[in-house]
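Reader: Hello! I would love a close look at one part of this structure, with some of its surroundings filled in along the way.

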Amino acid sequence: TGTNMTMTIMAAAKEVVSVGENPEMMALCKAISSGSLRGARGNSGVILSQLLRGFTKGISDKNELTVEILTDAFEKGVETAYKAVMKPKEGTILTVARGGAEKARELCDEGITDMEQFLKQCIEHAEYVLSQTPEMLPVLKQAGVVDSGGQGLIQVFKGAFDAYMGKEVDYSSIKPVSTGNAANMVSSSYTAQAEMEIKFGYCTEFIILLSKTFNIKHELDFKAYLESIGDSIVVVADD
């Protein structure tokens with residue numbers, strides 16, 4: 001999951017770099033949205049790309065971001081991601097994203113204007129929601145872990161906050177994560193439970209570029225066919 005989400009974020013970053021320095025907001029948002037979708041890997045990466053897609057739609061026509069604008073954008077991101085997943089499941093990255101957006105709305109309605117405090121409290125609440133994911137999905141509770149996609153999203157939030165605060169990362173200090181016995185035990189426990197619940201244990205992705213409007217009947221037939229051979233379908237449009 002971490003690898004998939006990292007590759008998704010890096011695809012967006014690469015697209016942003018290609019538009020040059022000091023781009024207009026519209027160009028920046030288009031690069032983030034398009035880059036993350038086309039570079040998305042796995043379910044978590046695709047959902048992350050949809051969170052970014054909705055979020056960037058909410059800020060693309062703005063020159064300056066405020067608490068109110070960010071709140072609307074957070075909600076748009078969550079709405080877009082939930083719509084993309086045909087069978088949304090709580091206790092996942094979607095739940096963590098929604099928790100952060102709900103906290104943003106609460107703070108906005110209370111009249112908070114301090115951006116630093118606003119972002120801090122949103123992330124703290126999202127972390128709390130993440131800690132509750134084992135209570136929503138039995139497979140997580142049995143393995144003794146939180147949802148990995150939700151955990152990845154928290155890291156994205158924290159990275160964005162660090163960038164806002166002007167923090168620079170010393171990449172030379174980052175070392176590969178060790179996969180010791182404890183990690184293997186958790187992985188084995190999760191896999192054993194997953195094998196009992198998940199019939200289709202692999203992920204296949206399609207990106208279809210069309211030069212003409214897709215026939216709605218064919219689209220519905222295609223979705224129905226996919227649902228018959230898989231249990232986690234995400235349908236998105238890059239517009």
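Leaving aside its neighbours within four places in sequence, which residues is Ile 47 in contact with?

Author: Happy to walk you through it, and please keep in mind that this is a predicted model. Beyond its neighbours within four places in sequence, Ile 47 is in contact with Ala 81, Val 85, Ile 93 and Leu 94.

Let us place those contacts in the interior. The largest nonpolar core has 19 residues, and Ile 47 is listed among those with the most contacts inside it, together with Leu 51, Val 78, Ile 93, Leu 94, Val 96 and Leu 153. Two of the partners of Ile 47, namely Ile 93 and Leu 94, are thus on that list too. Several helices feed this core: α3, α4, α5 (93-110), α6 and α8 (148-164) each supply at least two of its residues. The most comes from α5, which gives five residues. Another core lies apart from this one; it has 18 residues, among them Cys 29, Ile 69, Ile 123 and Phe 161.

It helps to step back to the whole chain for a moment. The chain has 10 helices and zero strands. Of its 239 residues, 35% are buried. If you take the contacts between residues at least 6 apart in sequence, 69% of them join residues at least 24 apart.

Two of the helices that supply the largest core, α4 and α6, also pack against each other. Helix α4 covers residues 67-84 and helix α6 residues 115-131, and their axes lie 11 Å apart at an angle of about 25°. That angle is under 35 degrees, so α4 and α6 are roughly parallel to each other. On the α4 side the contact is made by Val 67, Leu 70, Thr 71 and Phe 74, and on the α6 side by Met 115, Phe 118 and Leu 119. By type, the residues of this contact are six nonpolar, one polar and no charged.

Thr 71 deserves a pause of its own. This residue of helix α4 has a relative accessible area of 0%, so Thr 71 is buried. Not counting residues up to four places away in sequence, Thr 71 touches Ala 104, Arg 105, Cys 108 and Phe 118.

Cys 108 brings us to the cysteines. A search of the whole structure finds zero disulfides. For Cys 108, the nearest cysteine sulfur is that of Cys 122, 9.6 Å away. Because its relative accessible area is 16%, Cys 108 counts as buried. Cys 29, which belongs to the 18-residue core, is also buried, with a relative accessible area of 3%.

From Cys 29 we can move to the loops on either side of α3. Ser 60 lies in the loop between α3 (42-59) and α4. Leaving aside neighbours within four places in sequence, Ser 60 is in contact with Met 25, Met 26 and Cys 29. Its relative accessibility is 16%, so Ser 60 counts as buried. The loop between α2 (25-38) and α3 holds Ala 40. With a relative accessibility of 4%, Ala 40 counts as buried. The C-alpha atoms of Ala 40 and Met 7 are separated by 7.1 Å, although the two residues are 33 apart along the chain.

Methods
Residues numbered from 1 in each chain as written. Predicted model: local features only at pLDDT ≥ 70, side-chain atom pairs only at ≥ 80, totals over all residues. Heavy atoms only, no water. Axes fitted to C-alpha atoms, helices over the stretch in contact; angles between N-to-C directions. Helix = DSSP H or I, 4+ residues; strand = E, 2+ residues; numbered from the N terminus. Parallel < 35°, antiparallel > 145°, perpendicular 65-115°, else oblique. Contact = heavy atoms within 4.5 Å. Nonpolar A, V, L, I, M, F, W, Y, C, P; charged D, E, K, R; others polar. Buried < 20%, exposed > 50% of the residue type's maximum accessible area, 1.4 Å probe, protein only. Core = buried A, V, L, I, M, F, W, Y, C linked by side-chain atoms within 4.5 Å. Disulfide = S-S within 2.5 Å.
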